[in-house]
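Q: I'm new to this structure, and I'd like a close look at how its parts pack together. Please start from one residue and its surroundings, then work outwards to the helices and the chains.

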Amino acid sequence: MDIAAFDAGLLQATIARALRRGGDFAEVFVEDRDSLGLRLEDGRVEQTSGGREVGAAVRLLSGEHTYYAYSDALDEAGMTAAADAVAAAVRVGDGGSAVIDLGLVRSDPGRHAVRIPPETVAIARKAQLVRAGDEAARAAGAEIAQAIVGYGDTRQKVLIANSLGDLVYDDRTRTRFTAQVVARRGDVIQTGHETVGGSAGFELVDEATARAVATTAAEKALTMLDSRPAPVGAMPVVMANGFGGTLFHEACGHGLEADAIAKGASIYAGKMGEVVAAPIVSAFDDGSVPNGWGSQAFDDEGVPTQKTLVIEGGRLTGYLYDRLRAREAGAAPTGNGRRQSFRYVPIPRMTTTYIAAGGATADDIIAATPRGFYAKSLAGGQVEPASGNFVFGVAEGYLIENGRITAPLRGATLVGNGIDILTRIDMIAADFDVKTGVCGKDGQGVPVGTGQATLRIAEMTVGGTG
Amino acid sequence: MFDILDTVLERACAKGAPDVEVFAERSTSRRIKVYRQEVEQLTAAQRRGLGVRVFAGGAVGHAYTSDLSDGALDAVVQRAVDHAAVSDPDEFAAVPEPVGEPAAVHPFDERLTRATDERRIELALSVEAAALAADPRVKTVEDTMYADGDGEVFIASSAGVRGSYRANQCYAFAYVLAEEDGQVETGYSYTVGRALEELDPAACGREAAERACRLLGARKCPSMKAPVVLDPFVSAAFFGVLSSALTADAVQKGRSLFAGREGRQVAGEILELVDDGTLPDGLDSAPFDGEGTPCRRTPLISGGVLQGFLYDTYTGRKAGRGSTGNGLRGSYSGLPGVRPTNLVVSGPVTPLADIVAGMERGVLVTDAVGVHSGANPISGEFSVGISGVLIEGGKLTTPVREVTLAGDIISMLTRVRALGDDARWVPGGSILTPSVVIDGMAIGGT
C-alpha cells in the first residue's frame with residue numbers, strides 16, 4: 001500500500017472518533033518504513049538484514065494530558081481500535097471539536113534531494129562498499145586486528161493528519177556508512193570510529209568515500225596504540241571541529257528542549273535573554289540543513305523544520321518546541337517534535353545542533369595553548385539537564401605542550417557543567433564541520449547532527465588514569 | 001499464529017530455501033506517566049510481526065515484517081532469500097537444531113491480565129506522592145512512569161524447532177529532582193514484578209527522593225587513589241558493560257578482554273558471576289531463547305576464576321560445543337545475538353554498615369554517568385563521571401559530584417574485595433547484584 005494515497009476519509013473519521021469524548025487536539029501518524037542493514041566483521045558480510053514495518057498511531061491531547069495508541073495494522077479495524085483506546089482514556093469529556101477538511105500538503109522532494117534512491121541499487125553493490133571499507137582498514141597497518149563496517153539505508157514515508165486540518169506527507173531517505181576498527185599490539189587494544197550519513201540517497205557513499213571513512217577509523221585506532229594514560233585534573237581543553245559538537249549537544253542542547261524547560265528540569269529554564277555562554281558564542285538548531293543526517297522537511301508532527309537561533313552573542317534566545325510544549329508555553333512550534341517511529345510519542349528533540357564558526361584557525365588555538373588537552377574525537381556522552389552536569393568519553397585525545405599537539409592520550413573523560421563550560425569558551429575557529437549520530441532520550445533514538453568549529457574551553461576537568 | 005509460521009516455512013521451501021527459521025511475536029503494552037498528581041501520558045500499544053532467517057549454504061539472510069498479510073509473507077521470504085545471496089558463507093552457520101525440553105520457567109502471572117487502567121494510574125500516582133512526601137527538598141518528580149507488557153513469542157524451523165510461550169512484566173520508575181541553596185541533584189529508583197501486587201510504589205518513590213537528597217551540597221573532592229563502594233545500581237551498570245566481553249561472539253571476533261583467560265583468576269576470589277535464564281524472579285527468564293534453545297544456568301566467574309562464556313548456536317558450533325541458550329532477540333525485527341539473560345553477582349557478603357565502618361577513606365558511589373559511553377568494553381578502559389558520598393573515618397560524610405572514576409575493567413575486577421548484604425534486582429539488563437567494594441581506584445577531582 002502507498003500511504004500517500006491513504007484514504008483521507010478514514011483519517012478524518014479516526015480523528016473524529018478519537019475526539020468524541022473530549023480533547024482538544026487529535027492526530028493520526030501513519031508510517032511505512034523500509035530498512036536495509038549490511039554489516040561486515042571478520043572479513044565477512046554477515047547476516048544481511050532488512051524489512052518493512054508499517055503502523056499507525058493516534059494521539060489525543062486534552063489539556064496537559066496525552067493519550068496515545070498504536071497498532072501495526074493500517075486497516076480500518078486497527079485505526080478504530082487505536083481511536084477507541086485514546087477516547088476511552090479521556091477522563092473528563094466535554095464533547096469533541098469539529099474536524100475541518102484536510103488539505104494535503106506534500107513535502108518538497110527537492111529539499112533533501114535523493115539522486116540515487118537506495119532501493120534501486122542492487123544489494124550486491126552495497127555489499128561491495130563494506131568489503132572495500134574492510135580492505136582499506138586492513139591496509140592501514142599490520143596492527144589492525146578487526147574491522148566492523150556497516151552500511152544502512154532507510155526509506156521512511158509518513159503521513160500526518162490532525163484536527164487543525166493539516167495533512168502532511170513526507171518521504172525521507174537516509175543513508176549511512178560506518179567503520180569501527182580495532183588495532184592490537186600485544187595486550188594493548190584500541191579502537192577508532194568514523195561515519196558518514198545524510199538525508200540523501202546512495203550517491204552519498206561511493207567506493208572512495210567508503211575507503212576514506214574506514215581508513216580514518218583505522219588511523220585513529222593505530223594512533224591510539226601509542227597513547228599513554230590521560231592526566232587527571234583541570235586544564236584548558238581544545239575541542240576539534242565535527243565530533244566536538246557533541247559538547248554542545250550534551251552540555252547545552254538537551255537543556256533547551258522544551259519538555260525539560262516546562263518541568264523546571266533544565267538549568268536554562270527561566271533564563272531567556274540571560275547570559276549563558278561567552279559573548280563569542282552563537283548557536284543554532286537547524287532541522288532544514290540540506291541533506292543533513294538530522295534533517296527532514298517536516299518534523300514528526302507535520303511542522304516544517306526550521307533554523308532556530310538558540311544562543312546569540314552568549315545570550316539565550318530560543319528553546320526547542322514540539323506542539324504540546326509550544327502550546328503550553330504560548331510559543332510557536334519550532335519543528336522539533338520528533339519520534340523514533342509510530343510506536344513513540346513525539347517529544348522535543350534536537351536536529352542538527354551547532355555552535356557557529358568563529359574567526360580563528362585551529363592552529364592559532366593550539367599555538368595559544370601552552371599546556372592542555374586536545375579532544376580530537378568524542379566517544380559519546382550523557383547529561384543530566386536538571387543540573388547541567390555532563391560527561392563525555394574521549395575516543396581520540398592528545399596532550400598539548402608548548403603550543404603543539406604531542407602525545408596521544410587514552411582513557412580520558414571530560415566532566416563539567418553546561419553553563420560553566422559555555423561561558424569559558426574563549427576561542428572559536430572557522431573550520432566548521434558536522435558529524436552524524438543517533439541521540440537517545442526517553443528510550444527513543446533519532447538521527448542527529450552535531451557540529452562546531454575547533455574551539456577552546458579555558459578550563460575543564462579531565463578525568464584520566466595517569 | 002503457527003499457521004502463519006508454517007506458511008512461511010512452505011514458501012521458503014518453494015523458493016529454493018529449505019533451511020529456514022521463523023520467529024514471531026505479538027504483544028500488548030501500557031505505559032503511564034504522571035506529573036504533579038495528574039496523568040501526563042497514557043500509551044496503549046499493540047504490536048506484532050515476524051522475522052525470517054534463511055540459511056543458504058552457510059550464508060545467512062534475514063528479513064522482517066509487521067504486515068502479516070499473504071502478500072507480505074511472500075515478500076518477506078523473498079527478501080530473506082535475496083539477503084542471503086549477498087552474505088558471505090560461513091561453515092558454522094546453519095539452522096539451529098532442537099535441543100532438549102524447554103526450561104521449566106513460567107514468566108507469566110495471570111494477575112497482571114486483570115490490571116485496570118485505574119489501578120495502574122493509582123499506582124503511578126502513589127509512586128510520585130511517596131517521592132514528594134519523602135523530603136521537603138524534593139523540588140519535583142520529573143519522571144514517574146508505570147509500564148507493563150504482555151507478549152507471546154512463537155518459533156518454528158525446518159529443523160523441527162517449534163515452541164511458544166507467553167511472558168509478562170510490569171515496573172514503575174521515579175526520577176526525582178531535589179534542590180537546596182540553588183543546587184539541583186537527581187535520584188531514581190525502580191520497582192519491578194509480574195503483578196501490580198509485587199510492586200512497592202511507596203518504597204520506589206521514597207528511595208528515589210532519598211538518593212537525590214543525599215547528594216545535596218555535593219562538591220568536588222580532591223583527586224585520590226581510594227577504595228570505592230559501588231551501590232547496586234552502579235554495580236549493575238558496570239557488570240552490564242562487562243557482560244558483553246563475556247560472550248563467545250566477542251571472544252571469537254577478538255574483541256573480548258577475557259579471551260584466552262578461561263581457568264585464570266580474573267576477579268577477586270570472593271566473586272561469583274552467573275548467567276541464569278531460569279530464575280523464577282528474573283525478568284529475562286524464559287523457557288527458551290530466540291533460537292528455541294532452552295534457557296539455563298551458566299557460571300561465568302567462580303571464586304574469581306573465569307569459567308567460560310555465553311554462546312548461541314553459531315558461536316557454539318564454531319567452538320565445537322552447544323549453545324548456552326543465550327541467542328536472544330530484542331524483537332521480531334532483530335537477529336538473535338549472544339547476550340546475557342539474568343546476570344547474578346554473588347559471593348560471601350558483609351553487612352554494608354560494617355563495610356563503611358571499616359573504611360578509613362573512600363567513596364560510596366551512588367550514580368555513574370557515562371558508563372556506556374565512557375567505558376570501552378573492547379579495551380576494558382573506562383572513565384566515568386560519578387556522584388556519591390565520601391567515607392571518612394568509617395563514616396559517610398559529605399556528598400561529592402563532578403568527579404571521575406577511571407581504570408580498566410580487569411584490574412578493577414581483581415580488586416573486588418567485598419560484597420554488601422544489599423543484593424537487589426536492577427532492571428535495564430536484569431542484573432541481581434549487591435554493593436561491590438573495590439580497592440585502589442583512581443578518583444579525579446580537584
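A: Let's start with V238(A), which touches I365(A), I366(A), T369(A), G372(A), Y374(A), I400(A), T454(A) and R456(A), leaving out residues up to four places away in sequence. Touching, or being in contact, means that two C-beta atoms, placed from the backbone, lie within 7 Å. Before going further: this is a predicted model, where local features need pLDDT of at least 70 and side-chain atom pairs count only at pLDDT 80 or more, while totals for chains, interfaces and linings use all residues. As for names, residues are numbered from 1 along each chain as its sequence is written, and chains are lettered from A and ligands numbered from 1 in the order in which they are written.

Back to V238(A), which sits in strand β9 (residues 233–239) of chain A. Helices and strands here are DSSP runs numbered from the N terminus (H or I over at least four residues for a helix, E over at least two for a strand). V238(A) is buried, because 24 other C-beta atoms lie within 10 Å. The cut-offs are 20 or more such neighbours within 10 Å for buried, 12 or fewer for exposed, and anything in between for partly exposed, with C-beta atoms placed from the backbone. V45(A) is 193 residues from V238(A) along the chain, and their C-alpha atoms are separated by 38 Å.

Now for the cores. In soluble globular proteins, nonpolar side chains tend to be buried together. A nonpolar core here is a set of buried Ala, Val, Leu, Ile, Met, Phe, Trp, Tyr and Cys residues joined through C-beta atoms within 7 Å. The largest one has 221 residues, and V86(A), A131(B) and V176(B) touch the most other members. Strand β5 (residues 162–180) of chain B is its biggest contributor, giving 9 residues. A second core lies apart from it, with 37 residues that include A136(A), I148(A), L222(A) and I378(B).

A few of those names turn up again in helix pairs. V86(A) is one of the residues where α1(A) meets α2(A), so let's take that pair next. Two packed helices are described by the angle between their axes and the distance between the axes. Helix α1 (residues 8–18) and helix α2 (residues 76–89), both of chain A, have axes that come within 8 Å and cross at roughly 25°. Axes are lines fitted to C-alpha atoms, for helices over the stretch in contact, with angles from 0 to 180 degrees between N-to-C directions. That makes α1(A) and α2(A) roughly parallel. The label covers angles under 35 degrees, while over 145 is roughly antiparallel, 65 to 115 roughly perpendicular, and the rest oblique. The crossing of α1(A) over α2(A) is right-handed; that means the near helix is turned clockwise from the far one by less than a right angle, and anticlockwise would be left-handed. On the α1(A) side the contact uses L10(A), T14(A), R17(A) and A18(A), and α2(A) residues including M79(A), A83(A) and V86(A) face them. Sorted by class, this contact has 6 nonpolar, 2 polar and 3 charged residues. For those classes, Ala, Val, Leu, Ile, Met, Phe, Trp, Tyr, Cys and Pro are nonpolar, Asp, Glu, Lys and Arg are charged, and the others, Gly among them, are polar.

A131(B) belongs to another pair. Helix α3 (residues 117–134) and helix α4 (residues 201–213) of chain B pack at about 40°, with axes 7 Å apart, and are therefore oblique to each other. Their crossing is right-handed. Among the residues that meet there are A131(B) and A134(B) of α3(B), and G205(B) and A208(B) of α4(B). The contact is made up of 11 nonpolar, 2 polar and 3 charged residues. Past its close sequence neighbours (within four places), A131(B) also contacts V138(B), V141(B), A174(B) and V176(B), among others.

Last, the two chains. Their contact takes 59 residues from chain B and 60 residues from chain A. Strand β2 (residues 38–56) of chain B supplies the largest share of the chain B side, 12 residues. That side divides into 17 nonpolar, 25 polar and 17 charged residues.
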